[in-house]
Amino acid sequence: MGDLLTKEHLSWIGKEEAPVTVEVSRRDIIKYAVATEQQQRKYLDGDEAPPMFIFNLFGPISSLSDLRTDGLAVGLGGGPQMPLPRVMAGGTEIRFTRPIRAGDSLTGVRKITGMYEKSGSTGPLIFTVRTLTVTDAAGDAVLEEIQTGINR
Amino acid sequence: MISFTDVNVGDAIAERSFSASNVSLFLYNAIIWNAHRIHYDEPYTQQVERHPAIVIDGPLQGDWLSQCALNWAGDAADLVNFRYRNSTAAYLGETLITGGTVVEVDQSARQVRVELFVKNQKGEVITPGEATLRFSQSPNEPVAPGNTTADS
């Protein structure tokens with residue numbers, strides 16, 4: 001265990017962010033399907049969203065003045081300011097209850113569920129684990145995503 | 001598309017190669033609303049964040065892994081669990097290859113677990129993953145009892 005994470009950092013574990021509601025449009029699904037080189041018709045026609053369409057779907061849409069020089073939003077993903085500024089994607093686990101479809105109104109609630117340090121080959125790393133719970137307009141479960149971000 | 005009754009532990013999932021371009025990365029990062037400069041600003045990427053070239057998004061590789069499983073299974077199956085980990089960065093100019101292997105067939109739950117990979121041109125697995133797919137019952141299909149795994 002390193003000494004980069006303070007009690008203040010760790011106090012964010014368990015805190016829930018404000019819910020974010022997203023209307024899923026067919027056109028956005030099609031854009032995503034094209035950009036990711038999907039091959040199945042249901043995705044290319046926008047009927048159903050590819051599973052990884054969920055990535056950053058509930059992320060903040062910040063004003064330009066709230067973007068850092070690296071292009072990321074200030075306070076990206078919620079939580080404390082990290083002592084290591086560079087951000088990388090770590091990994092993701094998603095449990096799906098049902099597919100996402102065009103016309104869905106989805107609400108995502110995210111919270112930090114873990115934070116820890118490790119030593120990497122290029123220096124210290126901070127891992128932040130965020131859990132996203134997504135429900136539909138009826139309040140029924142759609143998916144749960146557990147995502148790990150890495151600061152280096 | 002494959003029929004559930006034809007799935008066996010050890011079956012290989014067809015490989016597919018991906019060669020991201022500046023344009024495809026732009027479109028992907030636009031639709032996921034990601035302005036991180038390591039995906040489009042080469043001087044910044046090299047001079048400030050010290051990467052050798054533009055970075056291919058980790059979640060994009062995750063998407064390619066999910067496609068690997070879903071395209072193999074076809075419309076007969078839904079993804080119920082999916083995870084991946086970006087262990088090594090990939091850069092613009094690299095051709096990446098996805099593929100996988102069936103490691104478990106749960107006859108009673110009609111679920112298949114597959115191990116997946118993204119490899120670089122050196123043959124290194126840079127993004128390992130795993131997916132569990134649930135197959136729907138098709139008419140006139142015999143029900144086979146029991147489970148088989150790669151260890152059994």
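Two strands are taken to pair if DSSP finds at least two bridges between them. In this predicted model, strand β2 of chain B, which covers residues 77–85, pairs in the antiparallel sense with strand β5 of chain B, residues 125–135, over seven bridges. Within this pairing, B:Asp78 has B:Arg134 of β5(B) as its bridge partner.

Strand β2 of chain B also pairs with a strand of the other chain, namely β2 of chain A, which spans residues 87–96, and this antiparallel pairing runs over five bridges. Here A:Glu93 finds its bridge partner in B:Arg83, a residue of β2(B). In a regular strand, the side chains alternate between the two faces of the sheet.

The contact between the chains involves 31 residues from chain A and 30 residues from chain B. On the side of chain B that touches chain A, at least two residues are supplied by each of α1 (22–31), α3 (58–73) and β2 of chain B, and the largest share, nine residues, comes from α3(B). When the residues on this side of chain B are sorted by class, 14 are nonpolar, 10 are polar and six are charged. Strand β2 of chain B thus appears both in the pairing with β5 of chain B and in the pairing with β2 of chain A.

Definitions and conventions: Residues numbered from 1 in each chain as written. Chains lettered and ligands numbered in written order. Predicted model: local features only at pLDDT ≥ 70, side-chain atom pairs only at ≥ 80, totals over all residues. Helix = DSSP H or I, 4+ residues; strand = E, 2+ residues; numbered from the N terminus. Contact = placed C-beta atoms within 7 Å. Nonpolar A, V, L, I, M, F, W, Y, C, P; charged D, E, K, R; others polar.
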